Amino acid sequence: MTAAEFDQKFEDGEDISGHVDWASGRRPNLQPKRVNVDFPNWMVSGLDQEASRLGITRQALIKIWIADRLKEA
């Protein structure tokens, strides 16, 4: 099946699930990439306090704050 035929089936509301290999699906630009950052103790303490207040992990807080900042830029 060509891409155009696949697209047409999708647009027509046909069930295309039999034509998709869900196990090999990827989400472009969402693959995690490890980055190491060193923070002074006072920053880590502040991050931990804010994360605890919000009921999330330190890592989640950092991700949220950086994502918010990048959206503004």
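The largest pocket here has a volume of about 820 Å³. Of the 19 residues lining that pocket, Lys33, Val35, Gln59, Ile62 and Lys63 are the closest to its centre. Please keep in mind as you look around that this is a predicted model. Besides the pocket, there is a nonpolar patch on the surface to visit, and the salt bridges come to three.

**The largest pocket**

- Helix H3, residues 58–72, gives the largest share of the lining, with seven residues.
- Sorted by class, the lining holds 10 nonpolar, five charged and four polar residues.
- Ile62, one of the residues closest to the centre of the pocket, belongs to helix H3.
- Ile62 has 22% relative accessibility, so the residue counts as partly exposed, the class that lies between under 20% for buried and over 50% for exposed.
- From Ile62 to Leu47 the C-alpha to C-alpha distance is 7.9 Å, while the two residues are 15 apart in sequence.

**The nonpolar surface patch**

- Five side chains are worth picking out together: Val35, Val37, Phe39, Trp42 and Met43 form a nonpolar patch on the surface.
- Together, the residues of this patch have about 540 Å² of accessible area.
- Val35 links two topics in this briefing, as a member of the patch and as one of the residues closest to the centre of the largest pocket.
- You will find Val35 in the loop between helix H1 (3–11) and helix H2 (41–54).
- Val35 counts as exposed because its relative accessibility is 64%, and the cut-off for that class is over 50%.

**Asn29 and its backbone**

- The loop between H1 and H2 is also the place of Asn29.
- Asn29 has a phi near 65 degrees, which is a positive value in a residue other than glycine.
- With a relative accessible area of 76%, Asn29 is exposed.

**Salt bridges**

- Side chains of opposite charge can pair when their charged atoms come close.
- How many salt bridges does the model have? The count is three, and each is described below.
- Arg58 and Asp48 join their side chains in a salt bridge, at 2.6 Å from N to O. This pair links distant parts of the chain, with Arg58 in helix H3 and Asp48 in helix H2, 10 residues apart.
- Both partners of that bridge are partly exposed: Arg58 has a relative accessible area of 38%, and Asp48 is at 32% relative accessibility.
- Arg53 and Glu50 form another salt bridge through their side chains, again with an N to O distance of 2.6 Å. Here both residues lie in helix H2, three residues apart, or about one turn of the helix.
- Is Arg53 buried or exposed? Arg53 is exposed, with a relative accessible area of 58%, whereas Glu50 is partly exposed at 22%.
- Glu14 and Lys9 make a salt bridge too, and the N to O distance between their side chains is 3.5 Å.
- Glu14 is partly exposed, with a relative accessible area of 39%, and Lys9 also counts as partly exposed, at 26% relative accessibility.

**Where to look in each helix**

- In helix H3, start with Ile62 and then turn to Arg58, whose bridge partner Asp48 sits in helix H2.
- In helix H2, the pair to pick out is Arg53 and Glu50.
- In the loop between H1 and H2, Val35 and Asn29 are both good stops.

Terms used:
Residues are numbered from 1 along each chain as its sequence is written. This is a predicted model: local features need pLDDT of at least 70, side-chain atom pairs count only at pLDDT 80 or more; totals for chains, interfaces and linings use all residues. Side-chain values use heavy atoms; hydrogens and water are left out. On a 1 Å grid over the protein atoms alone, a cavity is a set of points where a 1.4 Å probe fits but cannot get out, and a pocket is an open set with protein on both sides within 12 Å along at least five of seven lines; lining residues have an atom within 4 Å of a point. Grid points are joined across faces, edges and corners, and a volume is the space filled by probe spheres set on the points. Helices (H or I, at least four residues) and strands (E, at least two) are DSSP runs, numbered from the N terminus. Ala, Val, Leu, Ile, Met, Phe, Trp, Tyr, Cys and Pro count as nonpolar, Asp, Glu, Lys and Arg as charged, and the others, Gly among them, as polar. Patches are made of residues with over 30% relative accessible area and no salt bridge: like charges are joined within 9 Å, nonpolar side chains (Val, Leu, Ile, Met, Phe, Trp, Tyr) within 5 Å. Accessible areas come from the Shrake-Rupley method with a 1.4 Å probe; for residues, only the protein chains shown count as cover. A salt bridge is a side-chain nitrogen of Lys or Arg within 4 Å of a carboxyl oxygen of Asp or Glu. Buried means under 20% relative accessible area, exposed over 50%, partly exposed in between (1.4 Å probe, protein chains only).
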